[in-house]
Structures are given as structure tokens and as C-alpha cells.
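Please look over the structure shown below. A short report on selected residues, helices and contacts follows.

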Amino acid sequence: MEGADYLSDERKKAQFDVDAMKYVWAGSRHVFEVSDRISKLVASDPAFRKDDRTMLPRKELFKNTIRKATYAWKRIIELRLSEEEAAKLRFYVDEPAFTDLHWGMFIPAIKGQGTDEQQQKWLPLAYKMQIIGCYAQTELGHGSNVQGLETTATFDPKTDEFIVHSPTLTSSKWWPGGLGKVSTHAVVYARLITDGKDHGVHGFIVQLRNLEDHTPLPGITVGDIGTKFGNGAYNTMDNGVLRFDHVRIPRDQMLMRVSQVTREGKYKQSDVPRQLVYGTMVYVRQTIVADASCALSRAVCIATRYSAVRRQFGSQNGGPETQVIDYKTQQSRLFPLLASAYAFRFVGEWLKWLYTDVTQRLQANDFSTLPEVHACTAGLKSLTTSVTADGIEECRKLCGGHGYLCSSGLPELFAVYVPACTYEGDNIVLLLQVARFLMKTASQLGTGKQPVGTMAYMGRIEHLMQCRSDVQNAEDWLKPSVVLEAFEARAARMSVACARNLSKFTNPEEGFAELSADLVEAAVAHCQLIVVSKFIEKLQQDIPGKGVKKQLEVLCGIYYLFLLHKHQGDFIATSCITPKQASLVNDQLRSLYSQVRPNAIALVDAFNYTDHYLGSILGRYDGNVYPKLYEAAWKDPLNESDIPDGYHEYIRPLLKQKLLAARL
């Protein structure tokens, strides 16, 4: 029945003000209003339709994406949208495209690494999209190890030019989005060579294609690297391959904010501190954490709504069967992911503050917090993207067989999200960077150097190495101070244990390699502590709206108790808690799941996602799942005729026992 709301009974159960929660999720009333208006604008425009995306052949899919991206730009100009509104519009179009790299990497690279003159020359062209840029760093042979890049940029003092060259097959640029078919320019990372001396990797602006007919310029070989994982998904993006054959560019196309090459070919550092480039990195990682909360919340929204619609088993005397969401096995898998989505939202908000703080400090030449900020953002990028990728897949399983249909929206969401575990730093490599900083911090304890920021708890190491949890009953696990101490003690003890084991090696690097699996676990414990502490901090703020704070307290409890339960081996092995206290965690968790249950649909409604953005029949706002699944099936190209292509050549000869005469 059209127009009916099959989830209305669920919505009536809510014990909190859903509109107030929408503001909390968005970050402010202003952000909510902008998001709400722009998401509805996109959803109501048939030009942004995406329900056929998983059925399109690659060439058609790609052409459709560049049409949408260009149409989006046209609407941005026509409606005179602000920068904030334009970014939201691209977000709600929900299709990876060349514009993501243009706005998200190319422009920030020029702003972060270009001189004032370079910015004045290139940014106006980029802002008007008179040139389209990408970020060409990763190569066929090197990704995480940026220092190992092989592309060269050799200065020729005779002509005042750099010669950009790909000396080996593995030096081919490989993966940059937007590079394959669209970008006219790229920020290319190459080894700077002057007078035979290698100065390491630097950025250069290189034109790739003719601005009149789009053909590759002389010496440039460029194309797409081929189809990627999943239907639709990231195949809308032209990830590219790029090779240079002695391509000459003017000297002033080296990004020279931090270091320069003079007309005479002298390499020199500018007055601008090198550390400034960290600002851009913190910004990018902060957006990745924010994106993690968006992607996970989408998957959770779909799985929660469908779990309330789907009924299976448990019918009494011919009555309705039990809603799947009422099974404890469903709740214990789904509700921790719901709690994680909120947790990541709030740690993302805090990272926004951290970015502003770091930017102000850098401008004042205060670099004291940089190493800690670097470690913290690396760790949070790793933790949130790994949990989100696994969480989307868990949500697909929570939707049973129908979750495997493209029309559920989950296979494509997973395929489009999962590369986040690799780009902008492989997640394990990043955790090892966090571990290095933890080991450095541990080695300085007792020297009078106080740990700062998210490492500050290590300054109380003596207490944390000795404390024992005094939890007596299940409700004690709801006290923030008790929980924080347990998480701090676990993280500190795991770090100290690694540091002690490391000290047994004569060669520290050998020790680091040998103990790397343990170090990764210590880094995860540290990062989980950050997320837990930021969720608890959020709840210390004034949060208006009837019942809103109470629901967030329940979600916060689920988040940290689920982690305590999942990692109870760590907590017990480090003697932070006893096995009896660990069993009380589980008792309290079950109680919290029951408290979330009546509010589950309202808590995902607070994300305020349109049906267009969710892109899921299972996650429809009105819960009208089965008629719509049936309707969608008939739209598949395979159902355009009753008799399939190939019937006469293959199936009929098989059925009529005439295979010998068939042309197979």
C-alpha cells in the first residue's frame, strides 16, 4: 500500500525528541538545516537518479557519472550555492567522481604547498573548473612508502625547466582518481634532482592534456587502470595510470612554499616551516573519520529498519511472527554498530576542533603538539575505517539473503567504502606509526617530559600500572570514571609490556619488526581509549532535547562495554579487571540492549537520510520492503524478455538432445 508507514508503530515507541537528536547528529541546527535542504534538493531531481547504477556497463556508467558531476556543477552555479552548500550537494549526489579529487586533494595540495604567487595563478582556474586536477602520488611499485617513489624531476639549468620522467615500469603513477580520463592537470610527486643530487620527494604541477581537444600532451601516456571490486561502486571513478617520457615543465611549477630551486639550480628551504604540511594531513584524516560515521550510519540505518520489518519464527496460535530486531543475537550484533556510528560522529567533531587548534598553533610557530596529533589522527583513521568496513559487511549479514541483493544498497556501499582501509595510509602501517609514538612516549616516562593531549594518561603511569577495578555489580560499569580507568590501564599496560619486550633486543628496529603484531594491538587499545574518552566528554556537555542525553548515555555504555566484552582477554590478562567483573559487563550490556530496542528506529531516523541517499529498498523510510523488492526485480535487463538471449543457440539444443549439431 503506497503512502502507508509500516514503521509508524516503531516510531511511536521513541522515548526522546528525534528532532533534537537530528541537531546533535548534524553538529548544529545550522548544519542540519543546510543538509536537510540540499539532500531533498538532490533527492527530488531525476537527473541524480542512481537506482540503475549497478546494472550499467562500465562505459555507460562512467559517462553517466561525468554527466552528473557536470550537472551538479551547473546547479551549484545556477543556485549560487555557498562553498558549504556545494560540498553538501556533491556529498548527497553520492557517486565517486573526478570532482572528489579536484576539490579534496588537488586544490588543498596547492593551498598547502604552493607559494602565494602559485596560488594566485592556479587556484582561480581550479575554483572555476577551467582546469581539472588530480593528486598523482601512488605508483605501481610504491604506495605506503612514499620515500620509495621512483618518478624523477631533474632540473635543467640551461632551460630553467624540470624534466619529469618515469624511469621504470614500477614508477608508473597508478590509482589516482580522476587521472584516467578526465584530469587536465595533476600535482605529481617525484624525486627532485639538481646537479646529480637527490633531494627526496616533492610536488609539481604538470599539465597532462590539451585544453582544446583533451588529447594527452607529448611524452605523456595516460589511461584507466581497469574495473574494480563490485557493481557500480568505485567503477564510476577513472582511477588512472600515468607515465612520463622526459616531459619538460617550467621551474615555477614545482610547489615551492616549503622548499625551492633557484634559477641557478640551488636547492634551498624557505622560511616557512616544513611542519605546515601536517595541517593538510590532519584535515584529510578528519574528513575520513567523519566519512566513516556517515558510511557506518547508512549501513546501520538499513539494517535496523529492515530488522524491524522482517519477521521470522515465533508465531503463537497463528499470530504474527517475531520481528528479527527482537532477537538478542540480532541486537548484540546490530546495536554496538549503531553505538559506534554515534561514537565516530563525536570523535570526528573533536578532530574538527583539533584541526583548528593545530592550524592556529602552526601559524604561531608552536609545533609542540604535532607528533601527538600525527599519531592520534593516524590511529583514528585506521580504527574508524576498519570498523566501518567490517560493520557494513556485518549489516549485510544482518539483513539475511536479501542483503546480498544490489537493491539492498549494502553490496555497493561496502564496495565503495572498503578502499578507505588502504588510501591515505594503509591501516596496519598507520597503527605501526601510532605504536612508534607510544614506544617513544613510554621511553621518556620518568624523564620529566610530560605526555600531552591524548597521551596525557601515560603521565599517570605509576597509578595505572597498579590500579585494580573496584566494580562490584553490573551498574558500576555505567560510571564513566570506572570505565576510563579500565581503558587507560589496559592501554598503558599493553604499551609498557611492548616497551619492556623491545628493550630486550640489541637492535631496536629488529625488535620492532619482531613484535609488530603486539605493537598493533597496543595501538588499537590506545585508539579505542581515545574514542571512548571523547564520547564520555561529549556527554559532559549541555545537550538539549527531551530524553536525548539519556539515549546517548545508553549508546555510550553499549560502545565501551561491547569493547570491554570483545577484548576481555586484554583487560583480564593485564589484570585491569577480574573474570567476575568481565561477566558483569555482559549482564549490563544485555540490559542496555533492551533500553535501546524501543528507540532503535528513532535513533536511525535521527541521521535524517533521504531514501535517495540511502539507496536501499530494505532501508526505506516507510518500511514498504516486499512490494518494492518485487517491483525492482522486473526492472533488471535480464527480464526484458521471457526467453533469454542464447536460448536458441544453447538451451534448446540441450533440451532437444541436439548438442552435436549445436554451434557452441
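## Ala662, after the last helix

In this predicted model, Ala662 sits in the segment after α23. Ala662 is buried, at 19% relative accessible area. The cut-off matters here: buried means under 20%.

What does Ala662 touch, leaving out residues up to four places away in sequence? The partners are Glu649 and Pro653. Glu649 is 13 residues from Ala662 along the chain, yet their C-alpha atoms are separated by 6.7 Å.

## A nonpolar patch

Helix α23 covers residues 647–655 and contains Tyr650. Tyr650 is partly exposed, with a relative accessible area of 42%. Tyr650 also belongs to a nonpolar surface patch of about 620 Å². The other members of that patch are Ile651, Leu654, Leu655, Leu659 and Leu664.

## The C-terminal domain record

An unreviewed UniProt entry places "domain: Acyl-CoA oxidase C-terminal" at residues 480–656. The chain over residues 480–656 is 70% helix and 0% strand. The end C-alpha atoms of this stretch are 74 Å apart.

## Glu424, the annotated site

Which residue does UniProt list for "active site"? The unreviewed entry gives Glu424. Glu424 lies in the loop between α11 (410–417) and α12 (427–444). Its relative accessibility is 30%, so Glu424 counts as partly exposed.

Neighbours within four places in sequence are set aside for the contacts of Glu424. Those contacts are Met105, Val284, Arg285, Ile288, Lys381 and Leu430.

## Glu372, a buried acid

Glu372 is part of helix α10, which spans residues 370–398. Is Glu372 buried or exposed? Glu372 is buried, with a relative accessible area of 6%.

Not counting residues up to four places away in sequence, Glu372 touches Phe437, Val452, Gly453, Thr454 and Met455. Leu438 is 66 residues from Glu372 in sequence. In space, the C-alpha atoms of Glu372 and Leu438 are 9.4 Å apart.

## Helix α22 and its buried side

Helix α22 runs over residues 625–633, and its buried residues are Val625, Lys628 and Leu629. They lie on the same side of α22, because they cover an arc of only 105° around the axis. What do these buried residues pack against? They pack against α8 (277–309).

Lys628 has a relative accessible area of 14%, so this lysine is buried. Lys628 also forms a salt bridge with Glu631, with the closest N and O atoms 3.8 Å apart. A salt bridge here needs nitrogen and oxygen within 4 Å. Both residues lie in α22, three residues apart, about one turn of the helix. Glu631 counts as partly exposed, at 38% relative accessibility.

## Salt bridges elsewhere

Side chains of opposite charge can pair when their charged atoms come close. How many salt bridges does a search of the whole structure find? The search finds 40.

One of them joins the side chains of Lys74 and Glu78, at 3.2 Å from N to O. Both residues belong to helix α4 (residues 58–78). They are four residues apart, about one turn of the helix. Lys74 is partly exposed at 44% relative accessibility. Glu78 is partly exposed too, with a relative accessible area of 43%.

## A link between helices, and a network

Arg436 forms a salt bridge with Glu509, and the closest N and O atoms are 2.9 Å apart. Arg436 lies in helix α12 and Glu509 in helix α15 (residues 508–514), so the pair ties together parts that are 73 residues apart in sequence. Arg436 is partly exposed, at 39% relative accessible area. For Glu509 the value is 46%, which is also partly exposed.

The Lys628–Glu631 pair, in contrast to this link, lies within helix α22. Elsewhere, salt bridges that share partners build one network. Its members are Lys50, Arg53, Lys68, Asp94, Glu95, Arg298 and Glu412.

Key. Residues numbered from 1 in each chain as written. Predicted model: local features only at pLDDT ≥ 70, side-chain atom pairs only at ≥ 80, totals over all residues. Heavy atoms only, no water. Patch = residues over 30% accessible without salt bridge, like charges linked within 9 Å, V, L, I, M, F, W, Y side chains within 5 Å. Areas by Shrake-Rupley, 256 points an atom, 1.4 Å probe, with all protein chains shown as cover. Helix = DSSP H or I, 4+ residues; strand = E, 2+ residues; numbered from the N terminus. Buried < 20%, exposed > 50% of the residue type's maximum accessible area, 1.4 Å probe, protein only. UniProt positions renumbered as here; feature names shortened; annotations may be inferred. Contact = heavy atoms within 4.5 Å. Arc of directions from axis to C-beta.
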